[in-house]
Structure formats: structure tokens, C-alpha cells
Amino acid sequence: MHNQRLIKTVVLLVLVTLIITACSPQQSTLKETVVVTKEVQTVVTQEVEVEKLVTPTADPSGIKRGGILNAAISADPQGFDPHITSAYSSFQVLENVYDTLVTVDENLNMVPSLATGWEISEDNLTWTFHLQEGIKFHNGRELTADDVVYSYQRIMNPDTGSGASWRFSAVESIDAPDALTVVIRVASPSPNLLNMIGGYKGMSIVPKEIVDDGTVNTTPIGTGPFKFVEYVPGDRVVLEANSDYWEEGKPYLDGVTFKIIPEETVLLTNLLTGEVDWAGTLPPQQVTELATSGEVIVDKVSGNDYWYIGLNLNRKPFDDVKVRQAIAYAINRAEVAMGAKWDTATANQGPIPNTSSWYSDYQPYTQDLEKARQLLAEAGYPDGFKTEFMVTNFYEETVRAAQVLQAQLAQIGINAEIRTLEWGAWLEDEGKGNYDMYIMGWIGNMDPDEFYYSVHHTGEVFNFTGYSNPTLDELLEKGRVETDVATRMDIYSEVSKIVIDDAPYVFLYNPANVNAWQPYVRGYFTRSDNAINFDSTWLDR
Amino acid sequence: MTNLTSTDLILEEKPQEINQPTHGWLLILRRLLGNRLARIGLLILILLLVMAVAGPYLAPYDPNALDMANRLSTPDSNHLLGTDEFGRDVLSRIIYGAQVSLKVGLIAVGISMVAGTLLGVLSGYYGGLIDEIIMRLMDILFAFPAILLAIAILAILGEGVENAMIAIGVVYTPIFARITRGSALTVRQTTYVEASRALGASDGWIIFSHLLPNVSAPIIVEASLSLAFAILNEAALSFLGLGTQIPDPSWGRMLKESRGFIQSAPWLGIFPGLAIMLTVMGFNFVGDGLRNALDPHFQQIFSKTRSS
């Protein structure tokens, strides 16, 4: 009897020891802050603080080839035609399939891609690009300057319905004098041209034949590091390595399988159990915990996206600037950021993040309830008013932000209901101006022109608030064509002051981009422009 | 557990005549209180009722008040059940949520009881084509899984707690219609109804003075059981984001919001989950107790088949 109990105790002890050993983290991670000095468009120097988690065992040499990377993304791609789709979920895939003439590196410098170099004429009106020799599309055909001309003309053609056509608004002509040269002539100096044609994958070079046979939206054929294999809706997108890729030796992986997992918590479980090796999103409330747990590598980088409250200037009482400013004074942005994104967002009173050289330190609206009440009284609403927030559960953070904002605005008598809509219905109501206030974000902007022009210039397509200020319009038009960086800085600091004072948007915060992966995934960096590139990624196992 | 109840009841109840009507609310109440599970159920329901009625006086905090500095605080003396992701007091939200649950349950079941009884009586009393049409319609509604039908109705009406009540009400109408019709068919052929008719009583008189009293017992039982399902469905709809809208506290909605915190703040899910479970259990116990109290005959057959 006693013996039996002893044996049981021993067995139990052994088991407990085994379990404890199995549970202890095998790899610890180290948090360090790196200050990176980077050059934007070779003229502006800026300092960026990048928080990065680095594994002490990381070894820069000894890249291992082969293997399939399982990557989790949260939404289905909405079509694969890079010139037409505007969905981030499409570009997550297309980023690896297509190339642009020039591209952005992880420090947001414009660098060569399909074009090895370029020259600008004396008068700043002619740009000449030289293509690399021997670049092949995935169907085996060689890329020529005609493909570039074709792609750009397709984007410019209104019949295509490309959301990127405005990027060519300054362009007069595009020609291919020979097979490896592309000449772009602009009507006015366009300091932003490289960014316009290489800033995002909507400017990809596509072969004419897949447009002609109508397969461009279903089976993309590009020049990128990975070839498209198949897409199973609601399940996965499969890519395989392009053995003819123009960058020697890349990619290192045999392929990438994007698994579509909409539910955040399920996605996280998949990552933790190793079902997927890489994840494009994490539940924000768990980012810090995961980063310190060491189970996976969490990479958090300040992003260029911004989230804001859009006010309907065509409706009372938002037509009164005092009411808009009262709202801007009444809210506590740090709390909103915390409520919506936990500690993965930075409060900001303007759109451009403080990591950008275009950041404006004009931040007049520190929470001041007295001032807010006074402004409301001056506008004729001493007791506040009833209104609504239009949000969508497609972006859960808008619902969460609305709850915090609702409580904050109630303090000055503004009682806002929260109207939660499905994404399609939300977009429709925004387009029709059928709202009082909405909460939304804009993503993927880099140049200040992108941050302001299309959303605040009078009558522009994305100007949903009905805001119009001739002084601002004039400045915005000047800013587009100004080549002197210092003058341009002045223009946009003036622009940001006007927009923040007029408050058609009440800006809230800039979220960080967060990607996470298993420790054996190497050579991947989360980028501030949210582009997902697996061309240098490899698996250490 | 069930066996225990059944034996309890067998010991307390004496076999009665099959057609002897149950009468006297005191008698029913005494029978109900004699059932241990029903006593527990009643206790839970009284607690729920107190929470719903006296919520504003009981809740230690405003259920919608944000306190970002104290979010996700663990249950302690300041916040007995902890706080949620916005620093809202979980206990206060559960207390206020009782109001929502009870309101939705009562109104939804009220809708289905009135509509179902009316349809069932019409169908059972008149028979023929009316019966065919009504009952086939009910069959169609009955063929859908409850929650699926509710979602479909909400897709037409739009989200919100009022529409959720209507949707749940429609979903449970066929059950009441069937029960009523069954009883009405039997009662219609009794001699006293024939006698009444022979004396020149109108259809309305017969329905209100003979039919309805005879179907009231099964309807009351069904209503108390349906309340449990209605509350469960409201929680499910709110969990899916179709029921109670933010920021109003609803147990289902609290469960939905707790999903991201299962590991870091489990109390966010556990307490509303417990509240739903206890409430549903309470209604079920009382419903079972009522069934036994109102229909001793049924209870006997029931307990015999159960224990065999």
C-alpha cells in the first residue's frame, strides 16, 4: 500500500517536472529601441524611432532556402486587378506578385525596382526611366517599356475606373522611345512623381495579354518574386516562388500560402500553435502581452494611417466651426486611442504621424471641457444637442472608439447615439452624406499631398464632409507643384493649421502596424506603409 | 437529478382523476413550492426581478460610465466582479442587463403567446380550410431553426432590441399555436360546448368562456419555458451584434465583448455567462414545476417513463 503511494508520488513529480519544462519559454526576446536616420526622396532627412523585438540568436548569415510560409490574413482579397481594387486585403497578396517601376524600401526611400535609374530634365518636366534588361513576366514573356506605357495609360483611362488615376493628374504624356526606356512628361514640376508611381502596388506593371483575355482580376501575372497559383474564396491564396525573378537568388521560400482567418482570436490561436507561421494582424489588447511572452516575435512599427471623426458640414449644427472645435476640445485623444487600439496607437491632432518629416506640431486641442462648453454656448447650443456616430463593425475599432467618444461628448451635453452599420451600407451612407458624425481611417498615405488633397480640397471625390475653404484649396494646389522642399514644408504646415482649426475632421490617432511571426521566420520586417513583402523571408528550421 | 424530482413529486401528489381540472391558485402554488427545484428556480427569478426593478438603486456604478484608468481591473472590493475593457463595472452592467433580458423575454413571449393562442384557437375551433392554412404556415415557421429564423427576421427589420423582441416573438408563435389548437380540438367536441352551442351561444362566447380556460394550463407552462429560450435567444442575437445595441448592457453583448479577453480577463465572460445560465435554469425549473403542479396526470406519466 505504501509502496503504491510512493510510486504514484514519484510518477506525479516526474510528470509535473516534464510539464513545467515543456512550458518554459525556449527563446527569450529582447526589446530594444533603434533610432534610424533615413532619407526621403534623397532630400529630406528625418529621424524615426522604430521599436523592434530582436531575437538574440538571430544570425544574419546562413540563409536557408525552401519551405512554404503559411501567412494568416484577416480578409478575402477583393479582386486581383491592381489597377482597380482598392482593398488592402488584395494588396497583401499582390505586393508579392507585381512590381512597380520604382519602389519604397522599408525606410520609405524611393529606390529602383523595374527601373534601374532615372533622370530629371533641367526644367523638371521630363523624367526618363531606364528599365532592367531581361525581366520576365510569370508567363515567360519579357517585360518591355511598352508594358509600362500600357499599364500607365490603362490607369489614366477613365473607362478603367482606377482609383489611382489622380496620381497621374500632372502627367502629360508617357512614351517608350526604345524597349528599355520610358519617358514621362509632366505639365508642372512634380516633386512627388516617384512616390506617385512607386508608392503603392496600385501602380503595378501588368502584361497587356491578361487584360485582353479578361483574366487580370482572377489570375494575376506579374514580374514579382512569387507567382499566383490559386485562390479558394474564404480559405486561402496560394503563391509559388518565381524561379526567373529578376533579383538574383530571391525569393528564398518555395511559396507562400495566405490563409484567410477573419476572427482575430482564431487567427492568434493559429499563430501560437504554429498552424500559421506569420500573422498580419493581432488582437490589439494582446500585443504587449504577446511581445513580452516570447512565444512569437511581435513587430510593432509606427504607421502612416490615421483615424478621425468626420463631421457633416452640410448638416446643422456641424456647419458651425465653433461646434466642430467644441468637439475637438471635448475629447481626450489618448483615451480614445487606448480604448480603440490599446497601446498600439499614438494620439494625434493632425493626420500625419510624428515619425514623418511632414508632422505638424500644431496641437491646439488639449482636452478642455470649459472651453468646449463656452464654444457650444457661443454657437447657440449651451445645453448641447442630440446627434449620432456612424460606425461599422467591419472595423471593430470604430465601434470601440465611438463608445469612448460617446462618454466624453456627454460631458458637454452632446448626446450621441451609436449607429453600427454593415460595411457596404456604411460606405453608401458616407457617400450620400447621410450621417452626422462618422469614425473612419485613411491608410497608406506618405506624401502630405496624399494626406490632404483628395479629402479636403473643394469638391474632390473623397471630400465627404462637404468642407470647402478657398485659401486651403489654393495652398493645396501650390503644394502639389512646389519643388523646393523648405517652401513645401511651409505650405503644408500652413495647410495643417487651417485643417486643424476648421476641423472638418477631428483627428484622433495614428495606429502602429503590427505583424507577428514564429521565431523561425527570418528576414521579414513590418513596414510603416503596411506593405507585406516576403521576397527576403526564409524559414530557419 | 430528474429522478430525484420525480420521486419527490410522486410522494407528494396523490393520483387524480384524468379530467379533473386543476383549480385554486393556492393549491398550485403549494404544489409548486413542494418541488425543490421549482423553489430554487423561483428564488433565482425573484432575484432577477429585484435586479431588473431595483437595478438603478442596486448597481454600485453607472453601467455605461467609462473609467479608462481602471480598465480590466480584477474583481476586488471596489468592483466586485471587476471592470471591462473600458473600465465599466461588470456587476453594474449585469444588474442593468437583467432588465434588458427580462424585458425582452416577457415582451417576446407575450407576443408569441397572444399571437399563437389566437391562431391556435381559430385553427382548432373552426377547423377546415382556416385550420389548414394557419397550421401549414406554422409548420413552415417551425421548420427553421429558431435562431436562424430570428436572424432572417432581423435582416428584414434591421438590428436593435425592439426588433429582436419581435423576431423572437414570431419564432415562438408556432409552439403556442400548436398547443392551443390541440386543446381546442378536444374541447370543441365536448358535450358542454355542444350544449352551449345548442343554447345559442356565439362563437366568441364559447371561445372565451370554454376554450381559453381549458388551454390556459399548458400555455402557462409553455410560456415559462419559452421565457428561458427567449432570454437565451436575445443573448445569442446580441452576441451576434443584432440585438441590444451599444453601449446598453446586455449579457449576450458582454459575452461578445469578452471574447478577446478570455485569457487575460476571464471574469468578463464568466459572470455574464453565469447570469444567462442561472436565469435560463431558473425559468426551466419553474416551468417544469408548473407543469407538474398544473397537470398531475402528465406528471405521473412523465415520471413513470422517466424512471423506467
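Two residues are in contact if their C-beta atoms, placed from the backbone, lie within 7 Å. By that criterion, 13 residues of chain B are in contact with 17 residues of chain A in this predicted model. Sorted by class, the side of chain B that touches chain A is made up of six nonpolar, five polar and two charged residues.

**Chain B**

Turning from the interface to the chain itself, one finds that chain B has 13 helices and zero strands. Of its 308 residues, 43% count as buried. Among the contacts in chain B between residues at least 6 apart in sequence, 72% join residues at least 24 apart.

**A sheet in chain A**

Strands of a sheet pair through backbone hydrogen bonds, either parallel or antiparallel. In chain A, an open sheet of four strands follows the order β6-β7-β9-β8, and its pairing is antiparallel. Strands β6 and β8 of chain A stand at the edges, each with a single partner strand, so one side of each is left without a neighbour in the sheet. Direction ignored, neighbouring strands of this sheet are turned by 20° against each other on average. The table gives the residue ranges of the strands.

| Strand | Residues |
|---|---|
| β6 of chain A | 115–120 |
| β7 of chain A | 126–131 |
| β8 of chain A | 171–178 |
| β9 of chain A | 181–186 |

The pairing of β6(A) with β7(A) can be followed in detail, since five bridges join these antiparallel strands. One pair to look for in the structure is A:Gly117 and its bridge partner in β7(A), A:His130. A helix also belongs to this part of the picture: α3 of chain A, residues 145–156, lies across β7, β8 and β9 of chain A, and runs at about 160° to β8(A).

**Helix α10 of chain A**

Further along chain A, helix α10 spans residues 369–378, and its buried residues are A:Ala372, A:Arg373, A:Leu375 and A:Leu376. Why do they lie on the same side of α10(A)? They cover an arc of only 160° around the axis, which puts them on the same side of the helix. What do the buried residues of α10(A) pack against? Their packing partner is α8 of chain A, which comprises residues 321–330. The helix α10(A) is followed by A:Gly380, a residue whose phi is positive, near 95°.

Methods: Residues numbered from 1 in each chain as written. Chains lettered and ligands numbered in written order. Predicted model: local features only at pLDDT ≥ 70, side-chain atom pairs only at ≥ 80, totals over all residues. Buried ≥ 20, exposed ≤ 12 C-beta atoms within 10 Å, placed from the backbone. Helix = DSSP H or I, 4+ residues; strand = E, 2+ residues; numbered from the N terminus. Arc of directions from axis to C-beta. Pairing = 2+ DSSP bridges. Axes fitted to C-alpha atoms, helices over the stretch in contact; angles between N-to-C directions. Nonpolar A, V, L, I, M, F, W, Y, C, P; charged D, E, K, R; others polar.
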